[in-house]
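Notebook open, structure loaded. I want to go through the fold, the cores, the strands and one helix pair.

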Amino acid sequence: PWHDALINENFLNPKRTYEVNHLYNNEMIQSTVTTVENGGIIQYLIRPNSDELHEALYGKIKKNESNYIFHNSAPKTAYFNSAVAAFIAYSGLRINITLAHGWGCALTARLLKEREKYHHTKTIQVVHSELSEQGVVLNNDPNFYYLNGIGLNFNDQLHISPLKEGISHSDKTVYVSQTLLNQAISYVGYFHFNDIVREHNKNGKLLGILNGIDEEFHPCKLT
């Protein structure tokens with residue numbers, strides 16, 4: 001998120017900006033992606049061009065303050081998943097791999113997979129502590145409309161589970177420990193979540209890696 005730049009002086013000299021058009025709330029909106037370099041690492045900071053929408057997602061941001069408090073997680077999830085996927089798809093950059101941390105950005109994998117041109121982009125879903133219910137929105141919840149309004153069709157579903165979508169459409173899913181992976185496989189929950197986890201485990205798509213870091217793992221192994 002762009003507002004994190006407010007507390008880091010390295011972000012004050014952007015190298016390039018992109019304008020990205022994408023769906024939000026069933027309407028086409030525009031966001032700005034600012035490219036900055038911090039410690040030799042290129043970062044892409046995203047924010048909506050509309051100050052009104054930015055405030056609706058995060059509240060008012062004071063100068064030199066990072067604010068992770070937001071009014072509602074579903075609109076924020078919908079916004080960033082849509083913006084990130086659109087940037088990857090239409091920026092002209094060849095992005096070979098994406099890493100989605102947690103359920104908050106788990107819909108990006110499906111958005112990319114449904115764009116045939118971008119099947120070369122491999123996706124990894126990282127699970128830190130979530131098992132199934134976090135972020136789930138039922139179809140009678142007003143927030144269902146936000147997640148259904150970013151170019152994905154959930155109309156025939158009784159609920160949306162972002163993490164389930166992420167695991168279902170990612171090339172690999174990494175749990176940050178083997179213990180957490182074992183818990184996920186044996187966990188008894190709702191929303192038919194466990195069927196997906198067990199199926200992907202049988203297909204070799206799940207990994208349990210302590211802290212999510214494996215120095216011997218290379219992205220080329222995904223191909």
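My notes below go from the whole chain down to single contacts.

**Overall.** I am working with a predicted model. I counted the secondary structure of the protein chain first and got 7 helices and 9 strands. Then I looked up burial: of the 223 residues in the protein chain, 45% are buried. I also checked how far apart contacting residues sit in sequence. Of the contacts with a separation of 6 or more, 66% are between residues 24 or more positions apart.

**Largest core.** Which residues touch the most other members of the largest nonpolar core? I found Tyr24 and Tyr79, in a core of 26 residues. Next I asked which elements supply at least two residues each, and noted β1 (16–24), β2 (27–38), α1 (51–58), α2 (73–90) and α4 (144–147). Helix α2 gives the largest share of this core, with 8 residues. In general, nonpolar side chains tend to be buried together in soluble globular proteins.

I then pulled up Tyr79 and ignored its neighbours within four places in sequence. Tyr79 is in contact with Tyr24, and its other partners are His22, Ile29, Ser31, Ile46, Arg47, Pro48, Leu53 and Leu57.

**Second core.** Another core lies apart from that one; it has 16 residues, including Val174, Leu181, Ala184 and Phe193.

**Strand β5.** Is β5 (residues 122–127) largely enclosed or open? I count 5 of its 6 residues as buried, so the rest of the structure largely encloses β5. I looked up its partners too. With β4 (residues 97–101), β5 pairs in the parallel sense over 5 bridges, and Ala100 stands opposite Gln125 of β5. Strand β8 (residues 172–175) also runs parallel to β5, joined to it by 4 bridges. There I see Val126 opposite Val174 in β8. That is the Val174 I had already listed in the 16-residue core.

**Helices α6 and α7.** How do α6 (residues 178–186) and α7 (residues 193–202) cross? Their axes come within 8 Å, and the crossing angle is roughly 125°. That falls outside the 65 to 115 range for roughly perpendicular and is not over 145, so I put the two helices down as oblique to each other. On the α6 side the contact is made by Ala184, Ile185 and Ser186; on the α7 side by Asn194, Val197, Arg198 and Asn201. I sorted the contact residues by type and got 3 nonpolar, 3 polar and 1 charged. Ala184 of this contact is also on my list for the 16-residue core.

Methods: Residues are numbered from 1 along each chain as its sequence is written. This is a predicted model: local features need pLDDT of at least 70, side-chain atom pairs count only at pLDDT 80 or more; totals for chains, interfaces and linings use all residues. Side-chain values use heavy atoms; hydrogens and water are left out. Axes are lines fitted to C-alpha atoms, for helices over the stretch in contact, and angles run from 0 to 180 degrees between N-to-C directions. Angles under 35 degrees count as roughly parallel, over 145 as roughly antiparallel, 65 to 115 as roughly perpendicular and the rest as oblique. Contact means heavy atoms within 4.5 Å. Ala, Val, Leu, Ile, Met, Phe, Trp, Tyr, Cys and Pro count as nonpolar, Asp, Glu, Lys and Arg as charged, and the others, Gly among them, as polar. A nonpolar core is a set of buried Ala, Val, Leu, Ile, Met, Phe, Trp, Tyr and Cys residues joined through side-chain atoms within 4.5 Å. Buried means under 20% relative accessible area, exposed over 50%, partly exposed in between (1.4 Å probe, protein chains only). Two strands pair if DSSP finds at least two bridges between them.
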